[in-house]
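Dear colleague,

I am passing on the structure we spoke about, with the sequence alongside. Please have it open while you read the notes that follow.

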Amino acid sequence: MFLSLVSLASALFVSEVAAHGGVTSYNIAGTTYTGWSPYNPAAGQSSIERPYSTYDPILSPTASTIHCNDNGQASPSQLTATVPAGSKITAFWSQWTHEQGPVMVYMASCGAGSCTSANTASLKWFKIAETGLISGTLYNGTWGLGDVMKSLKYDAVIPASLAPGEYMIRHELLALHQANTPQFYPECAQLSITGSGSQTPSGSYLVAFPGAYSMSDPGVNLNIYSADAQTTSNYTVPGPAVWTGA
């Protein structure tokens, strides 16, 4: 009986982990970087990605960990990738199973200091890419998450005019497959941006995490199975407008 219960618990754990996901690697300007492995011991891990401990979703838009799915601190062996502005960055997931919802990519300046000493909860973030509802209706349309589920990757371009410095990059999947129960999956990595750019975003382009979203946002608190959703073909991705570098 005891072994049966242990087996059942193990099976449920494996099933739950398999249903979710997190960023596991990056390709930046043609160079591949290994991501953090949340289910392996932290000791000995060295990555540009900030540590996180689980593939499970964050269920509140105001959760204290929504910035990077962690406590905001770098790992003891934290790395930083040096990247020219204008480069393509591709995030990869080893698994993803939810089709409905948007993909968003944010960056945040770490100021004059090193990102390794920055707490990501205190940074101001700007959005550089998003893919929401691509076609069809909220109920049965094609979403950004559907593309991630098929390809297990997402491409974004760092604005070519972005001023040099150390930045965090944050990839976020927002799963909407459960009615009025948004699931947030953010992960972050450290970049050192080079180049001759001189632009930085300001004003309404900058947001904090937590603070950028709330349950009153129509793109967050959504029932894709409602009668209205079956005929609605527009969706507003939560958060600020995308900053293109202009």
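Leaving aside its neighbours within four places in sequence, which residues is Gln-100 in contact with? Before the answer, please keep in mind that this is a predicted model. With those neighbours left aside, Gln-100 is in contact with Trp-143, Leu-145, Leu-174, Ala-175, Leu-176, His-177 and Ile-224. The residue itself lies in the loop between S4 and strand S5, the latter covering 103–109, and because its relative accessibility is 19%, under the 20% cut-off, Gln-100 counts as buried.

Strand S4, which comes before that loop, pairs with two other strands. With strand S1 (residues 23–28), S4 (residues 88–93) pairs in the antiparallel sense over five bridges, and within this pairing Val-23 stands opposite Trp-93 of S4. With strand S9 (residues 153–157), S4 also pairs in the antiparallel sense, again over five bridges, and here Thr-90 stands opposite Asp-155 in S9.

The other residue I looked at is Ser-226, which lies in the segment after strand S11 (183–194). Its relative accessible area is 23%, so Ser-226 is classed as partly exposed, a class that lies between the cut-offs of 20% and 50%. The side chain of Ser-226 reaches the backbone nitrogen of Ala-229 at 3.2 Å. Measuring from C-alpha to C-alpha in the model, Ser-226 and Leu-138 are 9.3 Å apart in space, although 88 residues separate them in sequence.

With best wishes

Methods: Residues are numbered from 1 along each chain as its sequence is written. This is a predicted model: local features need pLDDT of at least 70, side-chain atom pairs count only at pLDDT 80 or more; totals for chains, interfaces and linings use all residues. Side-chain values use heavy atoms; hydrogens and water are left out. Two strands pair if DSSP finds at least two bridges between them. Helices (H or I, at least four residues) and strands (E, at least two) are DSSP runs, numbered from the N terminus. Buried means under 20% relative accessible area, exposed over 50%, partly exposed in between (1.4 Å probe, protein chains only). A polar contact is a pair of N or O atoms within 3.5 Å; within protein, one must be able to donate a hydrogen and the other to accept it, and residues adjacent in sequence count only if both atoms are side-chain atoms. Contact means heavy atoms within 4.5 Å.
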